[in-house]
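Hi everyone, thanks for making time for this. I'd like to walk you through one structure today, and you can follow along on the screen.

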Amino acid sequence: MYPKREIATNNGQIYFVSSSTAQRKPFFRHERWANLFINVLLGYRPERYLLHAFVLMPDHFHVLISPAAGLELAVQCLKGGFSFRAEREFHWTGDIWATGFSDHRIRDTQDFESHLEYMANNPVKGRLAENPHLFPYSSVNGRFQLDDFPPGLKPADSIKAAVGAAKAAPFQNKILNAGPSGGTP
């Protein structure tokens, strides 16, 4: 049984969202696919979400977003919008995305910075770039206009443990397999 997803509304929350391609196919190792994804990602701002950071790997993506309405709607627009455009522009008829996505609500500035660092280093760990700033499909390189850091996050040093409050699990840095995994789009 899966835990019930927290309802994301227009309350200024930031979410770290990840999703993989169907069967981990490396669609985004191809420049035209990667550029189309980034075009779609940027095209839904600010109507569906504020975009704070992203990285696009050959077979998955990570984004830090603040949904304008529901988180599910924001991700549906991104994945569905990309699928629609890939079908139209590349005449692609197969599956592109694995079902679902994973998310984590960002709790404070330290949590935000931890996820930002993980995203920045993902291409380096995946041996796609020697320096995060050189990877073309990441907001770290400074080529993309992003939305401002939201002011509503608590500074990491001001968080006090409340009586009876559960402590959030620390973010786990898992190295994702970003290597080629089969067919060509």
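I'll begin with the ground rules, then go through the fold, the rings and a few backbone oddities.

So, this is a predicted model: local features need pLDDT of at least 70, side-chain atom pairs count only at pLDDT 80 or more, and totals for chains, interfaces and linings use all residues. Residues are numbered from 1 along each chain as its sequence is written, and side-chain values use heavy atoms, with hydrogens and water left out.

Okay, the fold. The protein chain has three helices and four strands, and from the N terminus on they run β-α-β-β-α-β-α. Those are DSSP runs numbered from the N terminus, with helices being H or I of at least four residues and strands E of at least two.

How are the four strands ordered in the sheet? They form an open sheet in the order β2-β3-β1-β4, with antiparallel pairing; two strands pair if DSSP finds at least two bridges between them. β2 and β4 (102-105) stand at the edges with a single partner strand each, so one side of each has no neighbour in the sheet. On average, neighbouring strands are turned by 15° against each other, direction ignored. For angles, axes are lines fitted to C-alpha atoms, for helices over the stretch in contact, and the angles run from 0 to 180 degrees between N-to-C directions.

Zooming in, β1 (residues 15-20) and β3 (residues 60-67) pair antiparallel over six bridges, and Ser18 stands opposite His62 in β3. Helix α2 (residues 71-90) packs on the sheet and touches β1, β2, β3 and β4, with its direction at about 135° to that of β3. Helix α1 (residues 31-43) lies across β2 and β3, running at about 170° to β2. Contact here means heavy atoms within 4.5 Å. Of the contacts in the protein chain with a separation of 6 or more, 74% come from residues 24 or more positions apart.

Now the rings. How many aromatic pairs does the structure hold? There are 16. Rings of Phe, Tyr and Trp (its six-membered ring) pair if their centres lie within 6.5 Å; planes under 30 degrees apart are stacked, over 60 edge-to-face, and the rest tilted. Take Phe54 and Phe144, an edge-to-face pair at 5.1 Å centre to centre with 65° between the planes. Phe54 is in β2 (residues 49-57) and Phe144 in the segment after α3 (109-125), so this pair ties together parts 90 residues apart in sequence. Are these two phenylalanines, Phe54 and Phe144, buried or exposed? Both are buried, meaning under 20% relative accessible area, while exposed is over 50% and partly exposed is in between (1.4 Å probe, protein chains only). Of the 185 residues in the chain, 42% count as buried.

There's also a cluster: ring pairs link Phe27, Phe28, Trp33, Phe37, Phe61, Phe82, Phe90, Trp92 and Trp97.

Last bit, the backbone. Most residues other than glycine have a negative phi, and most peptide bonds are trans. Here, a cis peptide bond joins Arg45 and Pro46, with omega about -10°, and Pro46 sits in the loop between α1 and β2. Gln23, in the loop between β1 and α1, has a positive phi near 55° and is exposed, with a relative accessible area of 65%. Arg127, in the segment after α3, has a positive phi of about 60° and is exposed too, at 77%.
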